[in-house]
Amino acid sequence: MSRYLSRRRRLGAGATAAVLLGAAFLAGPASAAPTAEPPSTPVPIATPDGKLMSYVVNAKQANPGQTRLVERAVEDAGGVVVQSWPQIGVVVAHSTVSTFRQDVLAAKAAVQSVGATRTVAVSEGTPATADTPRTPGSRGAAAYKKANGQPHLNGFAAGEVFDVAPATDPGEAQQWDMAQINADDAHAITDGARSVLVGVLDSGIESTHPDLAANIDAASSVSCIDAGRPDTSAASWEPTTSSHGTHVAGTIAAARNGTGIVGVAPNVRLASVKVVNDDGFIYPEYAVCGFVWAAEHGMDVTNNSYYVDPFEFWCDDQSDQAAAKEAVRRAVAYSQKKGVVSVAAAGNSAYDLANKTTNASSPNDAPKPVDRVINSGCHDIPTELPGVVTVSSTTNTEALSSFSNRGLGVIDVAAPGSSILSTVPGGKYALMSGTSMASPHVAGVAALLVSAHPEYTPEQVVTALREQARDHSCTTTTRGAACVGTELNNSFYGEGIADALRAIG
């Protein structure tokens with residue numbers, strides 16, 4: 001399903017702590033392409049007069065005053081302010097003016113950068129109340145990449161949807177994945193704390209599913225797909241065209257209730273944060289909304305089984321891509337500063353994320369993607385952003401799944417992602433495969449870790465996830481680059497396979 005998988009080069013086991021210090025979320029891009037590398041292939045985004053386009057505009061400073069100056073610059077340039085996030089100095093704007101970007105940049109005192117967030121016109125239109133931007137505190141005021149016309153969430157459906165035969169949590173017998181990460185042993189100690197809230201940035205969660213209903217926190221749920229503007233109406237965050245989010249949610253926290261399956265952390269709460277529209281796209285403004293919402297609504301962990309559209313890799317040397325990437329980076333860093341641990345899928349392209357050279361899948365909302373050269377300044381977001389836990393996928397034999405992205409110094413940990421049984425809409429269950437399915441296992445382990453150690457900062461949780469993973473030596477794969485590195489840290493498994501039992505010790 002959706003493009004939920006991303007990753008970024010890590011700075012080292014303890015490096016994530018640095019990104020949250022002070023106002024670090026306003027720093028420039030985490031890395032830039034070395035001068036010796038070729039520039040990335042330009043992908044111009046046409047914005048003719050009359051075409052309704054979406055933009056992010058980044059302020060030089062994140063505060064209400066500077067954000068208001070950016071709003072005025074948007075209005076003076078003929079745009080409409082759709083949503084403002086003064087916490088991170090980001091404004092989402094719509095405009096039909098061809099010179100909007102240049103005109104906004106003329107307000108140099110406040111504006112750092114501006115970029116179009118998609119290559120096509122805004123399908124959802126401009127929200128009717130866009131002239132009164134919401135802030136995340138005013139509650140009333142996001143598999144696999146898109147390929148061959150299919151949605152690009154990081155999970156692939158496989159087999160039939162079916163009912164699990166009646167018994168006491170009968171599906172547990174089929175959950176080899178829980179045994180691989182020692183979740184079954186961890187459950188003998190704890191199912192997780194009720195105080196812990198996990199945000200599922202995805203395609204929505206079926207709130208009436210018998211294995212999920214008890215754990216859904218409706219008051220903390222939201223939809224971000226109305227041009228990146230929060231919508232808390234009950235129907236807005238339910239699934240419509242995709243089962244992806246419901247499947248991910250079951251892996252994290254399907255209840256221990258004598259029905260179906262059991263999640264990694266079956267006693268924690270779940271918030272549905274819908275960032276995938278009905279066409280399967282997760283645009284930057286949706287992701288920004290999701291991360292800031294998580295920050296402002298007390299979430300402890302978010303799962304992100306997608307990559308942000310329409311680029312599989314967002315490049316620092318392309319102005320539109322760099323501005324959108326910066327907006328998402330700020331949102332992720334802000335959520336981490338507010339105590340949120342972000343876990344993300346590595347991706348399903350069998351790509352070596354540590355050695356980027358070319359890409360042929362982007363932009364995926366255009367009639368035809370561009371064959372482009374990319375470099376080390378091009379990143380899959382949010383997974384390659386600072387502090388995000390990047391997860392590769394394993395099979396039931398602990399081999400790397402053939403579809404899984406990999407990369408030495410990029411992958412943090414591995415988890416089961418091939419043929420995973422979990423919940424789907426209609427009160428049913430299904431097998432799905434993808435790094436989208438691997439990531440929620442680690443999000444669940446993170447939820448158990450926070451349950452056992454509520455005093456931990458996000459940096460300490462990330463460090464513990466890595467240190468407590470079970471070391472795994474290199475294996476072979478049928479696709480993509482061969483494994484490199486040591487048993488302690490390699491391109492397939494990172495620090496090893498996530499371990500729920502060790503995490504709560």
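A nonpolar core is a set of buried Ala, Val, Leu, Ile, Met, Phe, Trp, Tyr and Cys residues joined through side-chain atoms within 4.5 Å. The exercises below apply this idea to the structure above, which is a predicted model.

**Exercise 1.** Find which residues touch the most other members of the largest nonpolar core, and state which helix gives the most to this core.

*Solution.* Begin with the core itself, which holds 53 residues, and among these Leu 270 and Val 442 touch the most other members. Next, turn to the helices, where H8, spanning residues 435–452, gives the most to this core, with 10 residues. Finally, set this core beside a second, separate one of 44 residues, which includes Ala 227, Val 292, Ala 295 and Met 299.

**Exercise 2.** List the residues in contact with Val 442, leaving aside its neighbours within four places in sequence.

*Solution.* Once those neighbours are left aside, the valines in contact with Val 442 are Val 343, Val 389, Val 391 and Val 413. The list is then completed by Ala 415, Leu 465 and Ala 498.

**Exercise 3.** Decide how the rings of Tyr 283 and Tyr 286 are arranged, stacked or edge-to-face.

*Solution.* First, the ring centres lie 5.8 Å apart, and pairing requires centres within 6.5 Å. Second, the planes meet at 75°, and because angles over 60 degrees count as edge-to-face, the pair is edge-to-face. Both tyrosines, Tyr 283 and Tyr 286, are buried, and ring pairs link them with Phe 281 into a cluster. For practice with another edge-to-face pair, consider Phe 311 and Trp 314, whose centres are 5.0 Å apart with 75° between the planes.

Technical notes
Residues are numbered from 1 along each chain as its sequence is written. This is a predicted model: local features need pLDDT of at least 70, side-chain atom pairs count only at pLDDT 80 or more; totals for chains, interfaces and linings use all residues. Side-chain values use heavy atoms; hydrogens and water are left out. Buried means under 20% relative accessible area, exposed over 50%, partly exposed in between (1.4 Å probe, protein chains only). Helices (H or I, at least four residues) and strands (E, at least two) are DSSP runs, numbered from the N terminus. Contact means heavy atoms within 4.5 Å. Rings of Phe, Tyr and Trp (its six-membered ring) pair if their centres lie within 6.5 Å; planes under 30 degrees apart count as stacked, over 60 as edge-to-face and the rest as tilted.
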